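Work through these exercises with the model open beside you. Try each task before you read its solution.

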Amino acid sequence: MAYTQLSDSQIVQLASQGCTASDWSGVSVAAGCDLTRIVRSKFFGTVRIGDTSGSHVVDGVELPSGIYDAALANCDVGDHVRISRIGSVVSNYLIDLDVLIEDVAALVADNDATYGNGVELETINEGGGRGVKIINDLTSQTAYLQGMMRHSKAFNEKLQMLIDAKVNDSRQEQGGVAQGARILHCGTIRNVNIGLKAYVHGVQLLENGTIMSCAEHPTEVGEGVQARSFIIAEGARVESGAMLDKVFVGQAVKMGKQFSAENSLFFANCEAYHGEAVSLFAGPYTVTHHKSTLLIAGLFSFYNAGSGTNQSNHMYKLGPVHQGVLERGCKTGSFSYLLFEAHIGAFSVVIGKHYANLDLSNLPFSYISEEEGNSKIVPGMNLVSVGTVRDAEKWPKRDGRKAPDRRDLIVFDVFSPYTVEKMRRGRDELVSLSERVPREKISVNYGGAQLSRLLLKKGAKFYSLAITKYLLGVLMEKVKAALQAHPEWNEAIAALKPSAGLHDPLAWTDISGLITPQERLAELEVRLAGGAIVSYEQLLSECKSLYDGYRADEWQYIAEVFAREYGVSVENLTKEKLLAAAEEWESASLSLHGMILDDSKKEFGAFARIGYGLDQTEEGLQHDFEAVRGTIETNAVVQKLVSEAAAIKERKEQFKSIIAAA
Amino acid sequence: MADNTAFPQVDLEHVFYPKSVAVLGTNRVAGTVPHDIFANILKDNFQGIVYPVSPKERSVAGVRAYKYVVDIPDPVDLAILVFPSTVCNLALEQCGQKGVKSAIIISAGFREIGPAGVKREEEIKEIAKKYNISFIGPNCLGVINTDPLSRLNASFARKMPQEGSIAFLSQSGALCTAVLDYAQAKHIGFSKFVSFGNKASISEIDLMRYLKNDPKTKVILIYLEEITDGAGLMNTAREIITETGKPVLILKSGRTREGAAAAASHTGSLAGSDEVCDAAFKQAGIIRCTTIEEMFNSAIALAYQPVPQGKRVAIITNAGGPGVLATDATIAQHLELAKFSAETTEIYKKTLPATANIKNPVDVIGDARADRYRVALGSALADPGVDGVFVILTPQSMTDIENIAREVCATIGKYNKPGYASFMGEQDVAVGINILQQQSIPHYILPESMCRAYASALFFREHRDQTVEQQTEFSGIDKPKAVKVIQDALAAGRKYLPEEESDIVLNAFGLPMLPSGLAHSSDEARKMAEDIGFPVVMKVVSDDIIHKFDVKGVLLDIRSAEAAGDAYDTILRNIAAAKPDAKIKGILIQKMVTRGEEVILGVKRDPSFGAVIMFGLGGLFVEVFKDVSFRVAPVGPRAAGGMIREIRAYSMLAGARGKKPRDIKSVEEAIQRLSLLALELPEIKELDINPLIVNDEGSGCYVADARIML
Amino acid sequence: MDKSEIKSRVEKVTALVLKVDPKDISPTANFAFDLGADSMQSIELIAAYEEEFNISMDEQKAREVQTVEGAVEFIAGYVK
């Protein structure tokens, strides 16, 4: 871009149009710039102005590009930009082409700001100790690594070095408003980078942050929002009075209706309306929609908060130092309450108020309720809930991220080595308990909750059915694929040998959406702590490798478990064994299926609330049919279930004929 | 279709105003449905007596419980069943023995889960019939009556909505909680609120009939997933609208069940159930909505403000931009910007600042305070040339929102014309919006919604004031002749009537046919063609050939007897080549009409609404543009005329670009005759008249080709 | 095992799990309607019968049993 200093006549022209400058020699314009479009404005320091041709449609009327009623200090203004009615000044900003800045109180950047990068959020533990520094490229995995892996000093130090390097990179001398962004009717905006085609309107205050945005998924920050020390990722919508202080808002997150959050992280596809969050680590698909809901000091993902959900992280007046973990897929019922420390197993439902510290991570898919002040748990009950089935279907479909780089790595599987191994452990514990507990005892205390003795075996049975269905189901798929690739029987079977090379295939972990063997995480930890990972990008690519290797790792898990449970390794499978496996798979699937169908009747036992309260999402303008969609989706799932029994039988028959023919 | 004649006379008085209620299957576990239903009745100050019935508990929430409903010593007006579906039959049986006549069955696990549930539902229907019990549900959320005389919250909605004049009926329980939340935020009250679930006994139609006479209800809103008795719905709605002036708004969801079911005719494939539903609703005067928000936007306009008498609106705004948006929206909704009288203009000149825009839309300028709004609004409402007013406000630094809101409410309240408001923005104007909502001034976030609501209200008024259409009586109908043709075909196992048989059927109902004859030899062809008069067309007639053009079985524009003879042979040769196995009945010789406009008429049976008549301009207009209109039979003269005028290409018939107008009256008559035919001959599944050729005005129309499917 | 023994043991277990007076348990008693069993208790009941008689029942079919005498018949099929 070639700029030329103003000629005398140009200065006279601008002056006659009501413009002034602290020093006209600091002002330069692009060749062919139409000066009649620079009116009643003041210039300070070095200001470069591009081509002022073109126009913008604002509130239904077409307004010309140019600079009107504005003060600019040390700014570069690109082509076709319209800046109009600025309260005090636009200072120290690089403004790219096609930008609209209309009716803004102030847009100011300090030298050497970091725009939200490097702000440390006290997540999960309100008293500190799990700080997560936010950066533009933060992912749910790198946030988890920062916050949850505090045992290794070397690891944390090295990780912080990588993060700090990114923070330094984000240091800029001037703020930026990227191409096509629109900033309309706003209050004060200070030290905020605004991304490509972002739409910022009606905000009250934005300070020290970055609004990332891209053409494929423009970000919107709207009416009444107040945000300090924040980063908002592509495609997010933050609007209607949301109040944020030290918050990271991930891709495709929806937030609004006076939702307030501090020291909190929200990753892909979270939804937050009306309530409050403090020191919250909201992994992907965390949803809270209701007015009196508080989420505090906890780690959540794939979670739905019923109305009035609450937790405490204070105990014995030692201060707010306690934390909670609700593993993926949990739901809390209306006006439910949990006293933290608490650790709830994956895909569990929590109803009622719980005053004991619960540690139930080995009993996933459970139903946790309250009776006369005591916590009760029915293990495995959620395996036969139609709601769980519906969730499994809906999450992948509802991935709203359109940005080309989807940062948070997400494994959607409801049944994965992570949850299945928990079930195996849970099953074994339940069986062992059922053998030890005397008949006279009505219930037994487990992890802070009462477990009915009669339901010990039942819970183990539910887990067994699910484990069998998963294990043998994947096995059948794998064998089918192997036979398609290698028609010769021996070759096919040999091809089943796992190649992942894990030493401990049974231990798995969930890195806020990414399910991976613990061993791999440990390796990553060692490599990072040892200095083998030298950049943040490299760290991201290592995480991506974990994600890419999931299926292979999963297969080794399955092979290992199969060997333990059935005494046969997959390379030594015989046709008879496979036929028997198919029968067993069918039997387990049909049993589970029958029970789920039962549940879809929404019987009014203790479960009723799940069907009629927990999954409700409040509609806003865009969500008019959300509630209806819930009904329709559930009905669609029920319809599908009804036809599934036949599908199960058919799949088994098909498999058997493939084996017979091999 | 629901057969309510088999059912007892529906008694809803005891459902909404019971003096005593028994909750069967309740328990003590807070947070569960059986408990909460009972607790809600107590908590929301029910004016009658409530009895818990529980097999195990001696009391629930401090109230003495009975093991069985028959143990209750006093009469029970209404039973609410929350037992598992497997034992609802036992519970209902006992209700019958006790003499309970009304029930609400909340429990799920009936028809909606499949065959096992269907059986259960049939069982409870039998029991209800035996004891003459009317019930709502099963599988519903319950019933709410906000009338202080009753204050019944027999549902598991957490909070009783505020009292209002809008009734809401929903087939989906899930939607109800969302709607209650939505309405509460906007201070919208309800008179009655019903989730009717599977409608095994009481349907939305029964509820509508009750609400027709309910003095507390001014507007009726319905959410439907499926329509079982379309005709009943239309008739009931029409009755309500014309007899009581209460508007009926329906939000219908769900994709078309039929989907892309293959249809052998154009009408079949074009008459998707959604298009038919749209047409049927419009015919009945029902306002169809596509979102909850739209539904309530219209509802509050109809409930809170007088219905507009005309489409001339005045816009009062304090900012230019929104005024422009509102103007655009006004025009888009086919409303008009009112022209102020000289008197009004004078007042504006005197009282508004010089910079104000005093033509419609009136811009009172950004610094306007309550007094300026009062003048602008008041004068507009007083102007005889104005039918309704839109008030727009954008918050400027000096805008005194509270006072302006109060002033707007007061001023609008003085006149018997509708006034709506749009205070734009969220935080700053919230206090003003609250005032408007509490004073029953309809408020809209966007000018577009405001205009749409006004247009709905206007549409409603037009329908309300319409008299019921009289059907035309036609003489000379020979129904038995048509019936015979159909019976013969069915007896022969045929589902398709070929052209000559279709012609007989159509002719029997007086539809104008082209002169024609069936030739079996080239000599016969020559003679017939001469008798009929040239030019003629000749078409093969065969049960095995449906698409004649495809096999070169049609020859047009034959102008001499000799050509007719040759054509006969040519056609036979073509068929022998293309479809040698086809059994040929003969060659049809028909007068060729060259200069008319081609239109298409059709009949289709919609599972919900019955016989549906379709009209459209033929050829490309149907194939590509799908420019068609529908009405549910019976179609009278006004509806027929409406159908014709509704299509986008209507001007082709009315005379465009120097062309003479066509004989539209004859098409109107043909449509009505077709409607009569469709109703009288239920065996006909689908019917296409394609084309019906319409000549110039005065020269009538003719059926040129027809297909009938049985 | 003969039916009368099954019957008395079923009644004993039922009274225990549902916390009702054994006097209230008649053969025709419906678990949900007469004895107040909710769906959680229904599952416990099935587990209790399985334990009492040392059998493993088809879960889905077991849930369809509605009355005490139905349970007796159903269990009889397993304890032959």
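**Exercise 1. Two unusual prolines**

Between which two elements of chain B does the loop that holds Pro361(B) lie? Then find the cis peptide bonds at Pro361(B) and Pro138(B).

*Solution.* Keep in mind that this is a predicted model.
- Step 1. Pro361(B) sits in the loop that links α12 (342-351) and β17 (362-363) of chain B.
- Step 2. Check the bond before it. The peptide bond from Asn360(B) to Pro361(B) is cis, with omega near 0 degrees.
- Step 3. Turn to the other proline. Gly137(B) and Pro138(B) are joined by a cis peptide bond, with omega about 0 degrees.
- Step 4. Place Pro138(B). The loop between β7 and β8 of chain B holds it.
- Step 5. Set this against the general rule: most peptide bonds are trans.

**Exercise 2. The parallel sheet of chain B**

What is the strand order of the open 5-stranded sheet in chain B, and which strands stand at its edges?

*Solution.*
- Step 1. Read the order: β2-β1-β5-β6-β7 (chain B), with parallel pairing.
- Step 2. Look at the ends. β2 (49-53) and β7 (134-136) of chain B each have a single partner strand, so one side of each has no neighbour in the sheet.
- Step 3. Check the twist. Neighbouring strands of this sheet are turned by 20 degrees against each other on average, direction ignored.
- Step 4. Zoom in on one pair. Strand β1 (residues 20-24) of chain B pairs with β2(B) in the parallel sense over 5 bridges. Val21(B) has Val50(B) as its bridge partner in β2(B).
- Step 5. Add a helix. Helix α3 (residues 88-98) of chain B packs on the sheet and touches β1, β5 (78-81) and β6 (102-105) of chain B. The direction of α3 makes about 170 degrees with that of β5(B).

**Exercise 3. The mixed sheet of chain B**

How many strands does the open sheet with mixed pairing in chain B have, and in what order?

*Solution.*
- Step 1. The sheet has 7 strands, in the order β9-β8-β11-β10-β12-β13-β14 (chain B).
- Step 2. Its edge strands are β9 (152-155) and β14 (287-289) of chain B, each paired on one side only.
- Step 3. Take an antiparallel pair. Strand β8 (residues 142-145) and strand β11 (residues 190-195) of chain B share 4 bridges. Within this pair, Ile144(B) is bridged to Phe193(B).
- Step 4. Find the helix that lies across β8 and β9 of chain B. That is helix α2 (residues 33-43) of chain B, which runs at about 170 degrees to β9(B).

**Exercise 4. The nonpolar core**

Which residues of the largest nonpolar core touch the most other members?

*Solution.*
- Step 1. This core has 420 residues; Ile80(B), Leu81(B) and Ile316(B) touch the most other members.
- Step 2. Ask which element gives the largest share. Helix α6 (residues 454-485) of chain A does, with 17 residues.
- Step 3. List contacts of Leu81(B), leaving out residues up to four places away in sequence. Among them are Leu24(B), Cys88(B), Ala91(B), Leu92(B) and Ile105(B).
- Step 4. Recall the general tendency: in soluble globular proteins, nonpolar side chains tend to be buried together.

**Exercise 5. One face of a helix**

Which residues of helix α4 (residues 68-76) of chain C are buried?

*Solution.*
- Step 1. They are Val68(C), Ala71(C), Val72(C) and Ile75(C).
- Step 2. These residues cover an arc of only 100 degrees around the axis, which puts them on the same side of α4(C).
- Step 3. Apply the helix rule. An α-helix has 3.6 residues a turn, so residues three or four places apart point the same way.
- Step 4. Find what they face. The buried residues of α4(C) pack against α1 (3-18) and α2 (39-53) of chain C.

**Exercise 6. Positive phi in chain A**

Where is Asp98(A), and is it buried or partly exposed? Do the same for Lys257(A).

*Solution.*
- Step 1. Asp98(A) is in the loop between β14 (93-95) and β15 (100-108) of chain A. Its phi is near 60 degrees, a positive value in a residue other than glycine.
- Step 2. Count neighbours. A buried residue needs 20 or more other C-beta atoms within 10 Å. Asp98(A) has 19 C-beta neighbours inside 10 Å, so it counts as partly exposed.
- Step 3. Lys257(A) lies in the loop between β26 (254-256) and β27 (260-266) of chain A. It has a positive phi of about 50 degrees, although it is not a glycine.
- Step 4. Lys257(A) has 19 C-beta neighbours inside 10 Å, so it counts as partly exposed.

Note on methods:
Residues numbered from 1 in each chain as written. Chains lettered and ligands numbered in written order. Predicted model: local features only at pLDDT ≥ 70, side-chain atom pairs only at ≥ 80, totals over all residues. Core = buried A, V, L, I, M, F, W, Y, C linked by C-beta atoms within 7 Å. Buried ≥ 20, exposed ≤ 12 C-beta atoms within 10 Å, placed from the backbone. Contact = placed C-beta atoms within 7 Å. Pairing = 2+ DSSP bridges. Axes fitted to C-alpha atoms, helices over the stretch in contact; angles between N-to-C directions. Arc of directions from axis to C-beta.
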